[in-house]
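Reader: I should like to examine the aromatic side chains of this protein. Please take me through the ring contacts and the charges placed over rings.

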Amino acid sequence: MRRSRNLGLLLLFFAATLCVRAETGSEAWLRYAPIAEPSRYATLPSRILVLPGSPADLAAANELQRGLTSMLGRPFTIVHGVHGTDAIIVTNLASLTRAGAAIFTFTGDKLLPEAFTLGEKVEGKTHRLIILGADPRGELYGAFHLLEIVASGQPLPTKPISDSPSSPVRWVNQWDNLDGTIERGYAGRSIFYDNGHVRADLTRVSGYGRLLASVGINGVTVNNVNSDLRTLEPEMIVEFARIADQLRPWGVRMSLSVDLSSPQVVGHLPTFDPVDPTVIAWWRIKVDEIYKAIPDFGGFVIKADSEGRVGPSQYHRTPAEAANAVARALKPHGGLVLYRGFVYNNHLDYNDLKADRARAGYDNFHALDGKFESNVVIQVKNGPIDFQVREPASPLFAALQHTSQAIELQITQEYLGQQRHMVFLVPMWKTTLDTDMRADNRSTPVKEIVEGKSFHQPLGGFVGVANVGLDANWMHHPMAMANLYGFGKLAWNPGLTTDQILDTWTRLTWGNHPTVVSTIDELQRHSWHVYEQYTGNLGIGTLTNILSYHFGPGIESAERNGWGQWFRADSTGIGMDRTVATGTGYIGQYPPELAKVYEDVNTCPDDLLLFMHHVPYTHVLHDGKTVVQYVYDAHYEGAATAQTYVPRWQTLKGLIDDERYEQTLKLFTYQAGHAIVWRDAVTRWFQKESGIPDKLGRVGNYPDRIEAENMTAEGYTPVDVKPWETASNSKAVVCNQASGCSLTTTLDKPADNYNIIVQYFDFWSGKSRFSVDLNGKPIGNWIADDTLPPVRAENQPNGDTSTRITFPNIPLKPGDTLTLHGTPDNTEPAPVDYVEITKQ
Ligand code: GCU
């Protein structure tokens, strides 16, 4: 009796561990975790029938077998042939024709490219679920769709359903360098390259192709837009072909970023003038060579005349002349040119009040409308500046009416917390996609323009800068994968709602437990707004250090230089006057109806106010607050919400696997601390610049803080922190003796339990050791190991490196002595900003 009870307990234990198995996140949303009620899908036949002779069918069938077996806990088998038994039949129009079998009647011959139809067919006693793709890609998309239905617990469709993508271009760009680094990549090194070559082991590339296909993405540009000049060397093309081989089974075409000087640098021609016949011939021969190695090659992405890249301007040629020269070489093979609209001068004159970087896209391209070859797509960033936390839609979208366009969105969170902060981007992208440009005084939302619908363009679509890396979970922050997933879903159907995308992602990634789903959905849903609140409001842009890594606060870095990310703050007011009446005239680039809304300070939406107008700090917003008070309040609100992420996340302990639980907890803890760094930097800066105090008296007033420079130091010396706003009191202390230093203070808090918080700086270059004692007894110790601040940061105390650790629930009484010990490592001098003692 006793034995069997023990056995039962043991089995229960195994069942429990199976439910919450350890996970690295590598499976992303394709976990195929066993579902709670597999009987709901009892009608799904256990045979997966593959018609003879189509390798594409096999990829889809294998995926179905893997997913359904794992989720439903019964074996699914693949059978070949044309059997008349119950089966899931996965096929495409061409396979069906080849098989010559009218084994079932279907209506699929009307399917659009890449579309699928999925439905049950019962004939007599035979029960079939048919997934029919218009082509191999459609077939794969149909298979993934069925798997998503099961994984997210939706009912099987009772009537046949069909679906097709919004537009033909659904690409991601990877900004990977051949040396294995990734520009603006925050999740480890490249999955494609190492040490100047394509990696020997490309397993992760095939896994990436599978992930992309599962959300309908059909192209990857596999190298940095700031393209290596070796890219088109013959031996590199042979190497790239190995990447294409890994992606092909998933219907994902590989493409390359190329530098326009390649005919000169690689081809050794005296010129790269795009209209020169030798240059034209060179591109043709080079493209032919590529297609020999990579028959399904997607085409080229071109960044030219931008941020130091050469371009046609060198020969007084236009972007159209350059794009067309390359496009003509690609056209016979079905390849595309994605020419980037991100062309601007980064040496603008700050003193010229008419100078405006936001104007550049429109100014450089609108006159060329209609002059591009039919296989050229202009790739336009969502906003006119550069992936800021909020920007208006680029006016170029409405200006190109005879040219195909794709919207470029940034999945990698360059200005949005670098996958150390949770920021769910779908609501931001939808804000742009839903912006009605009112071209020709009619409804022309950006999504319909890039789909090619508004102006009847043949191509167009979506490009997302993804930058996944070798980190097991692809993007470092488990929550960041919702952005890759969401990008694919929006590219497939920009009409989907944020909630539809988010809820399905959560279920697939974390399971269907109602508390898990509601908690994660709620955390993610508002995360963009929260990040905006504590980093840059009212359209001012992310107030990060734009001259460094674009991570922490560094407010004035955007001003008084040639980069043109200005917000023109002085003691009386703030904002870029982009009006036609008195400003740079940028607003006049929008169609008249929309321009009218932006031009008038009273109708301009508040969240774009400082992008469009220069106003006094006392300007009253639509909600009745002054600009400056709104900034204070938003920063405090946003940072306060970020503090709730940890306790909300902690309610999920035990409901999800420990590994991803702990990883996310660590990131949320970091974000809570860094949100305070942002809050304090921006609010103090505004208070100093405007001279207007916070009505609630919070800014610059931190009664619970003990500044490190005011503690009794043993070895520590004070330093000025630059920029001044990124440290409390603008000072830190550093220790330059290898044996270590200490800071001591006597506390005067009434007896109670408190949090002891240490705000310190964690450089990239060292692993300083710290410990805290209370009355000589240790409370805790830690190593500043730089696992959470940005992937790279300057080795300075500043807004990038400032971070904190909290020791909760420590009993204190007046007269207690608190001592902090720091031991430097390498060039990191165990820097400290302050200690804060807060109430539980
Ligand atoms: C941003 C980014 C660069 C990138 C550029 C681009 O400026 O910081 O790293 O090269 O965009 O999109 O070309």
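Author: A residue is called buried when its relative accessible area is under 20%. The model discussed here is predicted. By this definition, both Phe 272 and Tyr 315 are buried.

Reader: How many aromatic pairs does the count come to?

Author: Rings of Phe, Tyr and Trp pair if their centres lie within 6.5 Å. By this rule, the number of aromatic pairs is 31.

Reader: Which kind of pair do the rings of Phe 272 and Tyr 315 form?

Author: Phe 272 lies in the loop between helix 7 (262-265) and helix 8 (277-293), and Tyr 315 in the loop between strand 12 (299-302) and helix 9 (319-330). The two residues are 43 residues apart, so the pair links distant parts of the chain. Planes over 60 degrees apart count as edge-to-face. Here the centres are 4.9 Å apart and the planes stand at 85°, so the pair is edge-to-face.

Reader: How is the pair of Tyr 760 and Trp 782 classed?

Author: Tyr 760 belongs to strand 24 (residues 752-761) and Trp 782 to strand 26 (residues 777-784), 22 residues apart. Both Tyr 760 and Trp 782 are buried. With 5.4 Å centre to centre and 55° between the planes, the pair is tilted.

Reader: What is the distance from the charged end of Arg 705 to the centre of the ring of Tyr 702?

Author: A charge sits over a ring only if, among other conditions, it is within 6 Å of the ring centre. The charged end of Arg 705 sits over the ring of Tyr 702, and its distance from the centre is 4.0 Å.

Key: Residues are numbered from 1 along each chain as its sequence is written. This is a predicted model: local features need pLDDT of at least 70, side-chain atom pairs count only at pLDDT 80 or more; totals for chains, interfaces and linings use all residues. Side-chain values use heavy atoms; hydrogens and water are left out. Rings of Phe, Tyr and Trp (its six-membered ring) pair if their centres lie within 6.5 Å; planes under 30 degrees apart count as stacked, over 60 as edge-to-face and the rest as tilted. Helices (H or I, at least four residues) and strands (E, at least two) are DSSP runs, numbered from the N terminus. Buried means under 20% relative accessible area, exposed over 50%, partly exposed in between (1.4 Å probe, protein chains only). A charge sits over a ring if NZ of Lys or CZ of Arg is within 6 Å of the ring centre and within 35 degrees of the ring normal.
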